[in-house]
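Colleague: I am new to this one. Can you walk me through it and explain the terms as we go?
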Amino acid sequence: MKLIKHLIALATVAIATSATAAAPAEAPDALVKRISADVIDTAKADKDIQAGNQKKVMDLVESKILPHVDFQRMTQLAAGRFWRDASPEQQKQLSNEFRTLLIFTYSGALSQIKNETVEFKPLRAAPEDKEVEVRSQVNVARGEPVTLNYRLAQTPGGWKIFDINVLGAWLVETYKGTFASEINKSGIDGLIKTLAERNKKLAAKPLAKPIK
């Protein structure tokens with residue numbers, strides 16, 4: 001779980017950059033580039049966010065990130081073959097708990113943004129492609145740049161992120177192993193219960209202070 005949290009923290013800068021609805025004709029990489037400055041600058045400039053104000057960070061996540069992340073598809077991919085075995089109600093509960101877990105993780109990562117910048121690579125995609133991979137790197141204050149790619153799919157609601165790759169590790173695949181282990185041990189309901197309990201703990205816990 002610590003590895004997962006670390007990967008999401010690194011990826012949050014890129015996720016946050018896809019935050020606002022855009023014209024249908026706008027390319028996914030153009031969308032990311034256009035919005036990135038707004039979201040990152042907001043996180044950097046807002047003293048409350050930098051101080052870990054949970055409400056303000058959660059508001060930023062709700063307004064800027066959630067509309068452009070396909071949580072249901074992420075959950076379905078993370079659950080793998082077990083998704084077909086889950087009832088519609090279980091699928092709904094699992095998606096909701098996974099969504100909540102990622103919201104808390106995104107919020108904690110956003111409060112850590114300080115001097116990071118994002119550099120994008122040329123998009124390798126045909127105009128008719130419905131799924132694309134946008135490549136970028138996060139330049140951090142200390143250490144080597146972090147290579148980061150993420151997948152977006154074209155939906156009726158616009159381009160949406162459904163997976164992220166940080167340093168060669170796909171986020172969905174990382175969760176897939178965790179989900180499978182818990183389901184094999186205690187079933188779908190057991191996984192839902194585990195995620196719900198974790199979310200309760202996160203809700204009662206203040207966001208981490210920004211890294212100096």
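Modeller: Start with burial. Of the 212 residues in the chain, 48% are buried. Keep in mind that this is a predicted model.

Colleague: What makes a residue count as buried?

Modeller: Its relative accessible area must be under 20%. In this chain, 48% of the residues meet that cut-off. The accessible surface of the chain comes to about 10,800 Å². Carbon and sulfur atoms hold 53% of that surface.

Colleague: What is the secondary structure of the chain?

Modeller: Seven helices and five strands. Along the sequence, the order is α-α-α-α-α-α-β-β-β-β-β-α.

Colleague: How many of the contacts between residues at least 6 apart join residues at least 24 apart in sequence?

Modeller: The share is 60%.

Colleague: Now the helix pair. Why are H5 and H7 called oblique to each other?

Modeller: Helix H5 covers residues 71–79 and helix H7 residues 171–203. They pack at an angle of about 55 degrees, and their axes are 7 Å apart. Roughly parallel needs an angle under 35 degrees, and roughly perpendicular starts at 65. The angle of about 55 degrees fits neither, so H5 and H7 are oblique. The crossing of H5 past H7 is right-handed.

Colleague: Which residues make the contact?

Modeller: H5 brings Met-74, Leu-77, Ala-78 and Ala-79. H7 brings Leu-171, Val-172, Tyr-175, Lys-176 and Phe-179.

Colleague: How do the residues of that contact divide into nonpolar, polar and charged?

Modeller: Eight are nonpolar, one is charged and none is polar. Lys counts as charged, so the charged residue is Lys-176 of H7.

Terms used
Residues numbered from 1 in each chain as written. Predicted model: local features only at pLDDT ≥ 70, side-chain atom pairs only at ≥ 80, totals over all residues. Heavy atoms only, no water. Helix = DSSP H or I, 4+ residues; strand = E, 2+ residues; numbered from the N terminus. Buried < 20%, exposed > 50% of the residue type's maximum accessible area, 1.4 Å probe, protein only. Contact = heavy atoms within 4.5 Å. Areas by Shrake-Rupley, 256 points an atom, 1.4 Å probe, with all protein chains shown as cover. Axes fitted to C-alpha atoms, helices over the stretch in contact; angles between N-to-C directions. Parallel < 35°, antiparallel > 145°, perpendicular 65-115°, else oblique. Left-handed = near helix turned anticlockwise from the far one by under 90°.
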